[in-house]
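Before reading on, take a moment to bring up the sequence and the coordinates side by side. The paragraphs below are meant to be followed with both in view.

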Number of protein chains: 2
Amino acid sequence: MSELKPSQTSVQNRSTRGAKRRFGLALLPALVLSTGAQAIATAPVIATPALLSAQDSDPNKMGWMQGFPPASDKRIKAADGSFFTFPALRYSVSHMRQFMPTVEVSRGIGAPLPLPVSKKLDAAIDNLKFTPWDSKQSMSFADSLANNYTDGMLILHKGEVVYERYFGALAENKKHAAMSVTKSFTGTLAAILVAEGVLDSNKKVAEYVPELKDSAFGDATVRQVMDMTTGLQYSEDYADPNAEIWAYSAAGNPLPKPEGYTGPVGYFEYLMQVKKQGEHGDAFGYKTINSDALGWVISRVTDKSVAELLSEKIWQRLGMEQDAYYQVDELGIPFAGGGLSAGLRDMARFGELIRNQGQWQGEQIIPAAAIKDIQQGGDPEDFAKANYRQLEGWSYRDMWWVTHNKNGAFAARGVHGQTIYIDPTAEMVLVRFASHPVAGNGANDGTSLPAYQAVADYLMKKN
Amino acid sequence: MSELKPSQTSVQNRSTRGAKRRFGLALLPALVLSTGAQAIATAPVIATPALLSAQDSDPNKMGWMQGFPPASDKRIKAADGSFFTFPALRYSVSHMRQFMPTVEVSRGIGAPLPLPVSKKLDAAIDNLKFTPWDSKQSMSFADSLANNYTDGMLILHKGEVVYERYFGALAENKKHAAMSVTKSFTGTLAAILVAEGVLDSNKKVAEYVPELKDSAFGDATVRQVMDMTTGLQYSEDYADPNAEIWAYSAAGNPLPKPEGYTGPVGYFEYLMQVKKQGEHGDAFGYKTINSDALGWVISRVTDKSVAELLSEKIWQRLGMEQDAYYQVDELGIPFAGGGLSAGLRDMARFGELIRNQGQWQGEQIIPAAAIKDIQQGGDPEDFAKANYRQLEGWSYRDMWWVTHNKNGAFAARGVHGQTIYIDPTAEMVLVRFASHPVAGNGANDGTSLPAYQAVADYLMKKN
């Protein structure tokens, strides 16, 4: 979008130019969508003083895609990749299907199961004060929402809605890109299959997917893939035009490949040629390709795509209000590493299912053992090797982030601030969709995680 | 798909090759999807003896897109246009969103309104006999379904389901391309706006859409567009590589335009340069661009896309079970001439709303005057000039086909055999999704319309 000044474009936008040249490809955000990584210690914190505020970048205010037809400076097109640069991405995250092929996660056709509403505490929660990391000034919960470009926030306490707000292009009957929150759905599906005895997490990946035998995944165990402790030559550093992320993005892009393209076609072909780097089992390394490799394993043992399995195991069982959907590669394979879009209220239902040890409105929908496995977390020592400066003592298990804090909170996390944050002690499930301009939770954790803790403290005191 | 033998490809496949060369473009089926036209008298009836039967072309049996990843000879890709050639199209019609960008028609998030089920008459109706046109041998209703590559058939009698069957890739919780049945939704929306006084059908199109002033549409009335009695230089003859349909298809294709493309971008830009041919008001001429011009008028007076308006006026009001969706051009404009996909049961709900004069479960959802206007039909003399040999005495009104038969039946019709067939006298609504290999209802009407009449006769006798 030529009307964007460089100062308004996101970090990822500036960094993709080299990759675009290299691959000669209009990049769809296969991977740009995928990472839920904290900005790691080695990456500089980006100063973005010229960024538009949440209010000023509200997609309705900006007029994106409004009018019949939209004015030429209000159009957003997927083809050149600019649809996922700030501030256009604030529109795009709620309209992913308008830019790319997708497949459905069917809720079935019956009546949704109601999401119980308690006495709403919107005002009380908005006024809660907390102190952001590295700050001496307190901030209100309401201010943290704008600060983090929140598109929707819903909080359940003991299974009842106590807080629900939408901003910008999102509404209760719309969907939003979950990005790397998708990984936690993939990991949960795998954990379910393990608990059901369908999948043996101690087996090597190649036993399930022989096509991966000669890749780095071949001699990794399913468990190592589920916990991302594989040793893979793969970088998701957006600032590096030679990072493997761009080749992966090109492979997964569902648009026709450019003339002369000779790389892998689709996610699975890419996975087959991933090289090993280091040893499996040594350290946590956040790499999206693990989620897609796990998606392949899941599909091989169930003969269902992750979209079909998610529908069967979760979406149809929970009485979801809306269908969800996945972006797909040109072979129709759902992007298990970051392709899910869903409604905020349905994300909350899923979060509550997890908090409730797999029970939903009195029925055991998924095995409690799967949730126990998630919640126990991974090995914090493995995690520490990944140098997440701000996430001390955390671990990663079944593609969930486990805080090991005093409340035992754990979370699904997406790169622009999306989350499903579960606090078992506070009996709280907090779900957020967001479109933060900086692609990395390091940019928003300092005003998010302490805000979530303040709500948890408040809800526990109310008891 | 290289594995297709020429004898198995559809008429439209053979005829598109020239157009592909001419536009240098991977054709998405913007227009291939659009026409609900009867094969007209001047077009030869195509003999297709080598076509696979409905059973043998069942997408599950053929294995399209099955496996992880699908085998190379089982893949269907939108990019080269082959996804809409028989037999692949039998898969594609139920998976349109997997091949292209789409926008949603939201049902909202509440509970669906139940579709009442009467005593099911599946077996009795399957055994009904009728005599196909130009035949001396009778055929059973069940055989007519396979004969016409039916994917789903649902019949309501007095508002209750008496028959419901799914075949191939369709199921009760799936969606199917409605193609030109879409036009009847567009026409109904316009008829509603006219009945509400929001739209004056006597006004010239240019009064609502000044951008169309210098096009053929400029001095046509909205009514002439609604009834397709405009005089437009525009051919939908698939057999002619120079037919305007191909340029329209290229304009509406949401994929990136090929290098050097200088034509119009999006449906609306195309409409602006349509030339006049003949006079408005003289004769019916089935041309998809009327529906998209009407979509533009509708969006201009409501400031909503047809997808948004359909959600607001119909989908959210009827308690639909599933969201529906439209394919879009690269500006995000829904294809009002043929882009809708929806669930069969929801199509039935819509048909019942129309049969019931705009009432749904006791409530007046849309003005009865709009339905009266549809049902009265257009001028059969105008219609006769279009030479539909097999549709003697019919007319076209508000983008519905009106039979003027003794029962006063009228219908929405899609090019591969889709229909919403409403028989007010028999108090019957019959909805069908189909994927007939021949793109033109002339190929299936002879075994469809008399079958529908047989069901109507049976239901009336049962009273």
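What follows goes from the interface between the chains to the sheet of chain A, and then to some local features of the backbone and side chains.

The model is a predicted one, and the values discussed here should be read with that in mind. A suitable place to begin is the boundary between the two chains, where 47 residues of chain A are in contact with 47 residues of chain B. The area buried between chain A and chain B comes to about 3700 Å², and carbon and sulfur atoms account for 57% of that area. Of the area that chain A buries against chain B, 24% is supplied by A:F68, A:R97 and A:I109, which is more than any other three residues provide.

Charged and polar interactions also cross this boundary. The rule finds eight salt bridges across the interface of chain A and chain B, and A:K175 forms a salt bridge with B:D323 in which the closest N and O atoms are 3.5 Å apart. In addition, 20 residue pairs are in polar contact between chain A and chain B, counting pairs with both residues at pLDDT 80 or more. On the side of chain A that touches chain B, β1 (102–105) and α11 (289–302) of chain A each supply at least two residues, while by class that side has 21 nonpolar, eleven polar and 15 charged residues.

Turning to the fold of chain A, one may trace an open sheet of seven strands in the order β5-β4-β15-β14-β13-β12-β11, with antiparallel pairing. The edges are formed by β5 (160–166) and β11 (395–397) of chain A, each of which pairs on one side only, and from one strand to the next the twist averages 20°. At the β5 end of this order, six bridges join β4 (residues 150–157) of chain A to β5(A), the two strands running antiparallel, and within this pairing A:G152 has A:Y166 in β5(A) as its bridge partner. Towards the other end, helix α6 (residues 181–195) of chain A lies across β11, β12 (400–402), β13 (410–413) and β14 (419–423) of chain A, and runs at about 120° to β13(A).

Some details of the backbone deserve attention next. A cis peptide bond joins A:F68 and A:P69, with omega about -5°, and A:P69 has its place in the loop between α2 (59–62) and α3 (89–92) of chain A. In chain B, a cis peptide bond joins B:F68 and B:P69, again with omega about -5°, and B:P69 is found in the loop between α2 (59–62) and α3 (89–92) of chain B. A:F68, which takes part in the cis bond of chain A, is also one of the three residues named above for their share of the buried area. Elsewhere in chain A, A:N387 has a phi near 60°, a positive value in a residue other than glycine, and lies in the loop between α15 (380–384) and β11 of chain A.

In chain B, the loop between β5 (160–166) and β6 (176–177) contains B:G168. Its C-alpha atom is separated by 8.0 Å from that of B:R90, although the two residues are 78 residues apart along the chain. Neighbours within four places in sequence aside, B:G168 is in contact with B:D58, B:P59 and B:N60.

Finally, the salt bridges over all chains come to 53 by this rule. One of them joins A:E321 to A:R345, with the closest N and O atoms 2.9 Å apart, and this pair links the loop between α12 (306–315) and β7 (324–327) of chain A to helix α13 (residues 344–355) of chain A, the two residues being 24 residues apart.

Conventions
Residues numbered from 1 in each chain as written. Chains lettered and ligands numbered in written order. Predicted model: local features only at pLDDT ≥ 70, side-chain atom pairs only at ≥ 80, totals over all residues. Heavy atoms only, no water. Contact = heavy atoms within 4.5 Å. Buried area = accessible area lost by both parts, 1.4 Å probe. Salt bridge = Lys/Arg side-chain N within 4 Å of Asp/Glu carboxyl O. Polar contact = N/O pair within 3.5 Å; in protein donor to acceptor, adjacent residues only side chain to side chain. Helix = DSSP H or I, 4+ residues; strand = E, 2+ residues; numbered from the N terminus. Nonpolar A, V, L, I, M, F, W, Y, C, P; charged D, E, K, R; others polar. Pairing = 2+ DSSP bridges. Axes fitted to C-alpha atoms, helices over the stretch in contact; angles between N-to-C directions.
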